[in-house]
Amino acid sequence: MPELETNQRHSELFSPPSDVRGMTELDRTAFSKTVTVPALKVKKEIVNKLMRSLKRVALQRPGIKRVIEDPEDEESRLIMLDPFKMFSQDSFEKAELSILSQLHVSPQISKYNLKLTYENFKSEEILRAVLPEGQDVTSGFSRVGHIAHLNLRDHQLPFKHLIGQVMIDKNPGITSAVNKINNIDNTYRNFQMEVLSGEENMLTKVRENNYNYEFDFSKVYWNPRLSTEHSRIIELLKPGDVLFDVFAGVGPFVIPVAKKNCTVFANDLNPESHKWLLHNCKLNKVDQKVKVFNLDGKDFLQGPVREELTQQLGPPSKERRCSVHIVMNLPAKAIEFLSAFKSLLDGPPCPSEHLPIVHCYSFSKDADPAEDVRQQAGAVLGVSLEACSSVHLVRNVAPNKEMLCITFQIPASILYKDQTMNLENHEDPPLKRQRTDKAFSEEKILIASNI
Ligand SMILES: C[S@@+](CC[C@H](N)C(=O)[O-])C[C@H]1O[C@@H](n2cnc3c(N)ncnc32)[C@H](O)[C@@H]1O
């Protein structure tokens, strides 16, 4: 029998009973059924030896034991055989028969009534049996501590409580299942969610990049799919560097960077994020290294960031080796906040290698998302970022919607006020230096600074 056909018949035989279709309230007992399978009786001492030689014909079915006790003889065991390969003792191959004979096992096959229950089925098999035939059942979820976070489609909604319960039953450690009710478009980027099954408690603990975080998942933003992106940025910072996290959430950039002995200034407008950010700094013992703020991003940039940059970047010092990074992860809006960098600092510009490095996130639905993000950021700043930025594709969030991160040093012509005056006094004019810096496009910076 062709393998594909065998697999198909296998999955039919070992799938839940057909009358569970349409069930909306989970009745685990309704999943019980009996399947008749061929079995071979052997002495219990030789089971292990024999199993190696019977690989081809033994029943291969995850969740079902291949060897069970013989109800009639405690010295014997029954080896479950594949019902689509073993019809009679003639189905054994010569080599298999020879081993059986060497071990004094009769090749005679008996029938065994194997009882399958809810516990024997995988979650996908259960949902495939329950939901309307031919409809998509793949119910992937994001795991956030003890919470399974689902994003159900319309046709799955009548079965939402059952789906939630199956996720809890089949995934050890999951004790609550929630469904996203709408897209995150509120200010604090937390999900509107409905508890489908299990505990209502949304206070949870997660571990990311070796650090622990605690928070109320219903009130703050947390996305386990960002852990690789978090670690990419974390890797860029070296001990002694400075990080400003404008939209810090509960701290996934902040805590690992502070642990690296960097100075960190972290901000979030959501009072709940601010509370959990403080908590997580303490939890991970970095509270002495992080200054936490609860401000609008623009006020954070024009207040504490401005103050600190003034100290960090001037007056120019030859010994300065650290870099300043500014992370802005609010992809729906962060680009608008770039305008806060315009003329943010007074005084003579710092050397170009010390200019702060911005990592700004954005979504794009454009055919050329990297170019789109460069254009958007450049338009806000009034300068072309074509030649002096890199764009990293973070992840695909929906069909035709990408999340990206644009990284660039803020041009001195943007960051500093009154550059023309400063140029005359400065012994090594920063703008001239920028013009020789290959990373920046000389003409565009000149245009932007109106020189
Ligand atoms: C997409 S989350 C990112 C959180 C975190 N940095 C991460 O990577 O998981 C954006 C965060 O920005 C905060 N936020 C939204 N609007 C803000 C604003 N105007 N100013 C400051 N924070 C804001 C939200 O509360 C949320 O925690």
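The exercises below concern a predicted model, and each is followed by a worked solution. Residues are numbered from 1 along each chain as its sequence is written, and side-chain values use heavy atoms, with hydrogens and water left out. Because the model is predicted, local features need pLDDT of at least 70 and side-chain atom pairs count only at pLDDT 80 or more, whereas totals for chains, interfaces and linings use all residues.

**Exercise 1.** Determine which unit β12, helix α8 and β13 make.

*Solution.* Begin with the elements, which are DSSP runs numbered from the N terminus (helices: H or I, at least four residues; strands: E, at least two). Strand β12 covers residues 263-267 and runs parallel to β13, to which four bridges join it (strands pair if DSSP finds at least two bridges between them). One of the residues involved is N267, whose bridge partner in β13 is F293. Together with helix α8, residues 271-283, the two strands make a right-handed β-α-β unit; right-handed here means that, with the strands pointing away from the viewer, the path from the first strand over the helix to the second runs clockwise. As a last step, consider the faces of β13, residues 290-293: V290 and V292 form the covered face, while K291 and F293 form the uncovered one.

**Exercise 2.** Describe which residues surround the ligand and what polar contacts are found there.

*Solution.* The shell holds 22 residues, of which H230, F247, D268, D296 and G297 come nearest (a residue is near if one of its heavy atoms lies within 4 Å). Next, take the contacts, a polar contact being a pair of N or O atoms within 3.5 Å. A polar side-chain atom of H230 is 2.8 Å from an oxygen atom of the ligand, and a polar backbone atom of F247 lies 2.8 Å from a ligand nitrogen atom. An N or O atom in the side chain of N329 is likewise 2.8 Å from an oxygen atom of the ligand. Finally, the ligand taken alone exposes 590 Å², and the protein buries 97% of that (Shrake-Rupley method, 1.4 Å probe).

**Exercise 3.** Find where K285 and N400 are placed, and state whether they are buried or exposed.

*Solution.* K285 belongs to the loop between α8 and β13, and N400 to the loop between β16 (389-398) and β17. K285 is exposed, with a relative accessible area of 66%, and N400 is exposed as well, at 63% (buried is under 20%, exposed over 50%, partly exposed in between). As for the backbone, most residues other than glycine have a negative phi. Phi of K285, however, is positive and near 60°, and N400 has a positive phi of about 60°.

Definitions and conventions: Buried means under 20% relative accessible area, exposed over 50%, partly exposed in between (1.4 Å probe, protein chains only). A polar contact is a pair of N or O atoms within 3.5 Å; within protein, one must be able to donate a hydrogen and the other to accept it, and residues adjacent in sequence count only if both atoms are side-chain atoms.
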